[in-house]
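Load the model and set the display to cartoon, with side chains shown on request. The stops below can be selected one after another.

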Amino acid sequence: MKIGIMGLQGSVIEHVNAVAKSGAEPVIVKYPKDMDGISGLIIPGGESTAIQKLMEKTGLAAAIKEKADSGLSLYGTCAGLIMMAKEIDNGTDDQLSLGLIDIKAKRNAYGRQNESFEEYIDIPALGDRPFPGVFIRAPLIIYSGEGVEILGRYGDGIAAARQGKFLVSAFHPELTDDMRFHRYFISMCDG
Amino acid sequence: MEHGTDKVKRGLARMLKGGVIMDVTSVEQAKIAEEAGAVAVMALERVPADIRAEGGVARMADSSIIKAIMEAVTIPVMAKARIGHFVEAQILQALGVDYIDESEVLTPADEQFHIDKRNFKTPFVCGARDLGEALRRISEGAAMIRTKGEAGTGNVVEAVRHIRAITSEILNLQTNEIDLLNAEAEAFRAPLELVKEIYELGRLPVVNFAAGGIATPADAALMMQLGCDGIFVGSGIFKSQEPARLARAIVEATAHFDEPEYLAKISENLGKAMKGIEINTIPEKELLATRGW
């Protein structure tokens, strides 16, 4: 199964390696044509304001929306979560979102880099063993709509969630050796 | 919950990969950089070209400039401390900047020791001209490396020399037997464990950006094709005729570094780049890259 990784900026190679280790074939996506034949797409961590501008330039933003409407599975980590959210708190004036998942994401919710942290998160969908969460200038989900399944919480907020074919995490599984999150996403994709 | 771990320090640099970090000296410039798609800004009082022209002792920027820029943009903000000046670094950490650049662009404060960066929660980026220098900085706790290049010249030749040196020294290292790296570690004045790690990875264990003299989209793409993970642009943008346009073009060139047709398209009508300086016209004493060791 081919899984696309949006390759414009951010933790691209980390996701490529994680997908390969999880038993699928990674494909780097920069242009709409690169999405031919993929069963799922990962939007990596990075700077959401920068990725968004590059996405619009290559026509990816519109193409992803179209593919998402016709059933493509998507997974967003950190910046990817922000871009997939219906609503963004603390964004820039011109910040756009793909508006795919019914959540409100607060950017840099914990503060600046000195507040970045590692913490184990309970994610029942992945089994009993807590998941190593790496939170880097991370966003937090401060609201989720009715159709959204909460996969994991941290403090007052939601750190991971799923709505149908859309998966998001505020933390970075691609920076760890634990492939359960990637395998979970791959299981959501049609072969 | 753990703060300031190697994973979160090195991790932020990983999130900046494929992006451009721009030197800015005011809120207006910081906003232009963010709008152009910069992944971070470096808050400064003077860009390297002006430091070079004006001379005198270059120090950490005034806190008020750094704070104003931190408030103005949502992307990470970096700031520079002098080599060895751990108190400037303490101040920058207290201000809450996202990354500290222990930088040869400022006047060094210590001729014997770089900052012990392991003592800080805030991550550090440091310049390197070759593998040994990169290894020594990483063993002191640097979570990100950049080429030194020759800052403020608009001339990419030194940055090219530095990334080529690091790449070829890693390849050369790998021609050894893994059990015979003691002599290499000694020559690099770096811990054996770190040398072994690089032997196995075939690259630095931290993100390695290009810096020093990048002035055009083609320069940025050149450094990316030579294996850098991202780009710092110092004087190049705001010393050019059309900063906003050039900033956008360098961001795109960094993301699309291996697509010559795309590069051709974005290199059109960018106005005049900064004038730049031929390296061999700079008196040896005024070279910035030779600061640090």
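Select A:Glu118 and B:Glu2 to begin: B:Glu2, in β1(B), is the bridge partner of A:Glu118. Strands here are DSSP runs (E, at least two residues), as helices are (H or I, at least four), numbered from the N terminus. This is a predicted model, in which local features need pLDDT of at least 70 and side-chain atom pairs count only at pLDDT 80 or more, while totals for chains, interfaces and linings use all residues. Residues are numbered from 1 along each chain as its sequence is written, chains are lettered from A in the order in which they are written, and side-chain values use heavy atoms, without hydrogens or water.

Now extend the selection to residues 117–121 of chain A. This is strand β7, which runs antiparallel to β1(B) and is joined to it by two bridges; DSSP must find at least two bridges between two strands for them to pair. Add residues 131–135 of chain A, strand β8. β7(A) and β8(A) are antiparallel over five bridges, and A:Ile121 is found opposite A:Phe131. The three strands form an open sheet in the order β8(A)-β7(A)-β1(B). At its edges are β8 of chain A and β1 of chain B, each pairing on one side only.

Next, select the contact between the chains (heavy atoms within 4.5 Å). It takes 39 residues from chain A and 41 residues from chain B. Together the chains bury about 3,100 Å², 53% of it on carbon and sulfur atoms; buried area is the accessible area (1.4 Å probe) that two parts lose on being put together, summed over both. There are 24 residue pairs in polar contact across the interface, both residues at pLDDT 80 or more. A polar contact is a pair of N or O atoms within 3.5 Å; within protein, one must be able to donate a hydrogen and the other to accept it, and residues adjacent in sequence count only if both atoms are side-chain atoms.

Colour the side of chain B that touches chain A by element. β1 (2–3), α1 (6–16), α2 (27–36) and α12 (243–255) of chain B each supply at least two residues. The largest share, eight residues, comes from α1(B).

Which side chains meet in a salt bridge with B:Asp258 and B:Lys17? A salt bridge is a side-chain nitrogen of Lys or Arg within 4 Å of a carboxyl oxygen of Asp or Glu. B:Asp258 meets A:Lys30 (3.6 Å, N to O). B:Lys17 meets A:Glu14 at 2.6 Å, N to O. A:Glu14 lies in helix α1 (residues 12–21) of chain A and B:Lys17 in the loop between α1 and β2 (20–24) of chain B, so this pair joins two chains. The count between chain B and chain A is seven salt bridges, and the whole structure has 28 over all chains.
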